[in-house]
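Please open the structure in your viewer and keep the selection tool at hand. The tour below proposes one selection after another and says what is there.

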Amino acid sequence: MRLNGVNRFVERHADRAIYLILIGWAAFMLALKFRLAHFGLATDDLYNYANALYNTNFWDNWLYVARYEAGRHLPSLMFDHWQPTTLLLWPLVHLSGPHSLLVVQALAPAWACLFLARICRYIGLSGFDRLFAVTICLFSPYMMLAAMDSIEGFHATSLLLVFGAPLAWAALTRRWRMAFILMLLFLNVRENAALYILGAVLGYWIFKNRYFDNNRRTVLSLALAALVFFIGVKVAPMLAGVDNFHFSKVGHTVSTAAVLKFDFSQVDKDWAAYAIGLWPAALAPGAFMAVVPEALMLIAADKTIVNWYGMMLVMAGAAAAAFGLCRLRAWASSIAAQRALTIFLIAHMALLVTSSLSNVLGKHEIIIERYGFNVPERSLVAAREAIDPRCRTSVFFQAMKGFGDLPHLLYPHPIQVEQARFVIVSKRAELNLLHNRLQRDYAAANKASLEVLYEDAYLTVFKQASVACVNPASGDNSS
């Protein structure tokens with residue numbers, strides 16, 4: 001009777017606890033990300049995407065960034081990765097500014113876990129087990145580190161969570177029209193989304209997972225994924241006269257991978273930790289198959305899971321763990337077995353939450369200590385007034401927040417600095433984040449040909465008189 005009373009109490013309050021955890025986790029992640037932004041971090045991919053959205057006019061500029069034109073000869077981010085779904089963020093950036101993308105990435109896991117909780121309820125998991133599934137998803141170190149994204153800040157792969165989690169729920173509950181729309185949005189987040197559809201299809205064919213109900217829908221889903229993938233990596237780049245940047249490297253990278261020669265010593269050990277953290281998923285191989293193609297591709301390409309790749313892998317893996325836990329509960333029929341399993345799950349959650357929070361907070365502080373540099377607003381405004389905003393301008397990372405909307409924003413990469421009309425350099429000598437030091441060294445080596453337009457305690461604005469305002473290919477060579 002006592003056990004039943006406890007179960008009733010937990011079941012009655014489980015969803016409330018889940019909502020509180022989601023709110024607390026999201027608030028915690030927002031605080032981390034905006035503190036990083038205050039110190040000029042979380043800027044790399046954040047301003048890559050924000051700048052592309054600022055430049056988008058839905059006519060002749062679609063996700064254009066000068067950084068990729070200068071460094072990779074690409075007219076759009078869509079040929080770095082196929083990502084038209086990113087265009088849905090256009091009004092958000094124009095209305096709320098670049099840092100609104102930090103909010104998207106911080107809230108995406110919490111949003112996805114709302115649907116994970118729904119999936120858990122639909123398949124019959126108790127309140128406590130729903131809480132467990134949400135916890136191992138949110139507090140996985142690979143979810144937390146990817147969501148914090150200390151240097152990059154934002155990556156469009158977070159949209160895989162935004163559309164992938166409701167897609168899984170819609171498919172499971174047989175809301176096929178909704179699932180079709182969500183699948184289109186999901187597949188157009190990035191070309192690797194097709195790998196998750198492939199994995200889910202294989203999981204149905206081999207193990208009869210619950211994401212599909214017949215072969216016709218699996219074939220149609222696979223065909224749609226293949227079509228979008230082919231358009232993204234071949235058709236669209238061919239029409240634009242370019243190559244899909246990353247896909248063109250995949251064949252060589254994978255064919256020369258050490259793992260294909262059975263040299264597993266080169267595989268990142270975090271992959272093993274990822275699988276162990278989702279251990280109940282081993283009992284639901286059909287659902288876990290959804291992550292296998294993407295994981296194998298990343299392992300073969302020697303990629304680590306401790307970045308934005310980890311977000312969707314953790315989410316799909318947590319869903320598989322929910323299915324596995326459902327099966328495990330059915331097997332553990334005695335009260336003693338149920339109680340032992342619950343105690344083990346409590347220990348798992350406690351260890352995961354404490355270790356992940358400690359890990360994330362520690363790395364957060366280290367990043368700020370090593371690379372943090374808060375450039376005051378007055379310095380950014382003064383530097384902005386010293387340049388012609390129509391010209392190519394190379395900006396060090398911690399000052400990006402003052403220049404994110406420039407039509408020809410360049411990064412502190414040596415090749416890009418050479419093409420910049422204006423060069424904005426950090427005054428913090430030990431600031432070695434990425435290419436900041438190389439840009440400062442470039443300015444020192446070419447001091448004779450650079451004119452100082454503005455200087456204060458935080459930054460220096462140089463003008464390269466020998467460099468035209470914008471890329472000559474654009475037809476404007478004004479000086």
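**Starting inside**

Select Phe403 to begin: leaving aside residues up to four places away in sequence, Phe403 touches Leu380, Ala383, Arg384, Ile387, Val395, Leu409 and Ile424, where contact means heavy atoms within 4.5 Å. The model you are looking at is predicted, with local features needing pLDDT of at least 70 and side-chain atom pairs counting only at pLDDT 80 or more, while totals for chains, interfaces and linings use all residues. Residues are numbered from 1 along each chain as its sequence is written, and side-chain values use heavy atoms, with hydrogens and water left out.

Add Leu116 to the selection, since Leu116 and Phe403 touch the most other members of the largest nonpolar core, which has 149 residues. Such a core is a set of buried Ala, Val, Leu, Ile, Met, Phe, Trp, Tyr and Cys residues joined through side-chain atoms within 4.5 Å; buried means under 20% relative accessible area, exposed over 50%, and partly exposed in between, with a 1.4 Å probe and protein chains only. Select residues 309-331 next to see helix α16, which gives the most to this core, with 15 residues; helices (H or I, at least four residues) and strands (E, at least two) are DSSP runs, numbered from the N terminus. A second, separate core has 12 residues, including Tyr64, Val417, Ala443 and Leu450.

**Aromatic rings**

The structure holds 14 aromatic pairs, meaning rings of Phe, Tyr and Trp (its six-membered ring) whose centres lie within 6.5 Å, with planes under 30 degrees apart counted as stacked, over 60 as edge-to-face and the rest as tilted. Select Phe397 and Tyr411, an edge-to-face pair at 5.4 Å centre to centre with 85 degrees between the planes. Phe397 lies in the loop between β1 (393-395) and β2 (409-410) and Tyr411 in the loop between β2 and α19 (414-418), so the pair ties together parts that are 14 residues apart in sequence. Phe397 is buried, at a relative accessible area of 2%, and Tyr411 is also buried, at 3%. For an aromatic cluster, select Phe58, Trp62 and Trp90.

**Around Leu222**

Finally, select Leu222, which is found in helix α11 (residues 215-240) and counts as partly exposed, at 25% relative accessibility. Not counting residues up to four places away in sequence, Leu222 touches Ile197, Leu198, Val201 and Trp205. Add Trp308 to the view: Leu222 and Trp308 are 86 residues apart in sequence and 24 Å apart in space, C-alpha to C-alpha.
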